[in-house]
Amino acid sequence: QVRLVESGGGLVQAGGSLRLSCLASTRPLGMGWFRQAPGKEREFVASISWRGVTRYAETVKGRFTISRDDAKTALYLQMDSLKPNDTAVYSCASSPYSSPEVRQFTAWGPGTQVTVDS
């Protein structure tokens with residue numbers, strides 16, 4: 001079972017930036033980011049395939065950038081132009097599929113809190 005640990009969350013003003021990191025204990029074929037705001041269901045944010053193909057939720061497209069290192073054990077999420085409704089717990093996720101659909105993620109980290117102050 002892969003273990004995932006996120007870091008990099010915090011408090012930022014609207015319009016600011018944060019960079020989240022995730023370390024995996026293995027080399028998952030697919031990886032992604034999800035988020036959950038208080039009182040809401042977990043939602044997909046972004047994913048990256050083994051070959052580096054990226055996908056984004058419409059709400060973050062053009063503002064967030066997902067990437068992973070060459071060793072494929074670290075995952076990043078660069079978040080720019082942050083908005084108050086980006087406030088959530090952000091979790092790293094892994095998939096046994098090389099180009100996973102949203103429903104094909106099978107493991108999540110504990111998450112890191114991102115709070116965007118207006």
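Hi everyone, let's start at strand β11, where the side chains alternate: Thr-112, Val-114 and Val-116 point to one face and are buried, while Gln-113, Thr-115 and Asp-117 point to the other face and are not. Buried here means under 20% relative accessible area, exposed means over 50%, and partly exposed is in between, with a 1.4 Å probe and protein chains only. In a regular strand, side chains alternate between the two faces of the sheet.

A word on what you are looking at: this is a predicted model, where local features need pLDDT of at least 70, side-chain atom pairs count only at pLDDT 80 or more, and totals for chains, interfaces and linings use all residues. Residues are numbered from 1 along each chain as its sequence is written, and side-chain values use heavy atoms, leaving out hydrogens and water.

The strands (E, at least two residues) and helices (H or I, at least four) are DSSP runs, numbered from the N terminus. Two strands pair if DSSP finds at least two bridges between them. So which strands pair with β11? Strand β2, residues 10-13, pairs with β11 in the parallel sense over 4 bridges, and there Val-12 has Val-116 as its bridge partner. Strand β9 runs antiparallel to β11, joined by 3 bridges, with Val-89 partnered by Gln-113.

Now for the disulfide, which is a pair of cysteine sulfur atoms within 2.5 Å. The structure holds 1 of these. Cys-22 and Cys-92 form the link, with their sulfur atoms 2.1 Å apart, and it is left-handed, with -75° about the S-S bond. Cys-22 sits in strand β3 (residues 18-24) and Cys-92 in strand β9 (residues 88-95), so the pair ties together parts that are 70 residues apart in sequence. Both Cys-22 and Cys-92 are buried.

Let's follow Cys-22 sideways. Its bridge partner in β8 is Leu-75, and β3 and β8 (residues 74-79) run antiparallel, joined by 6 bridges. Leu-75 is also the bridge partner of Arg-68, since β8 and β7 (residues 64-68) are antiparallel too, with 5 bridges. β7 and β8 form a hairpin with 5 residues between them, and Lys-72 in the turn has a positive phi of about 60°.

Next, the inside. A nonpolar core is a set of buried Ala, Val, Leu, Ile, Met, Phe, Trp, Tyr and Cys residues joined through side-chain atoms within 4.5 Å. The largest has 31 residues, and Trp-33, Leu-77, Met-79 and Tyr-90 touch the most other members. Elements giving two or more residues to this core include β3, β8, β9 and β11.

And what about empty space? On a 1 Å grid over the protein atoms alone, a cavity is a set of points where a 1.4 Å probe fits but cannot get out, while a pocket is an open set with protein on both sides within 12 Å along at least five of seven lines; lining residues have an atom within 4 Å of a point. The largest pocket has a volume of about 230 Å³. Of its 13 lining residues, the closest to the centre are Arg-35, Ala-37, Lys-40, Glu-43 and Asn-85. A volume is the space filled by probe spheres set on the points, which are joined across faces, edges and corners.

Last stop, the start of the chain: Gln-1 lies in the segment before β1 and, at 83% relative accessibility, counts as exposed. Thanks for listening!
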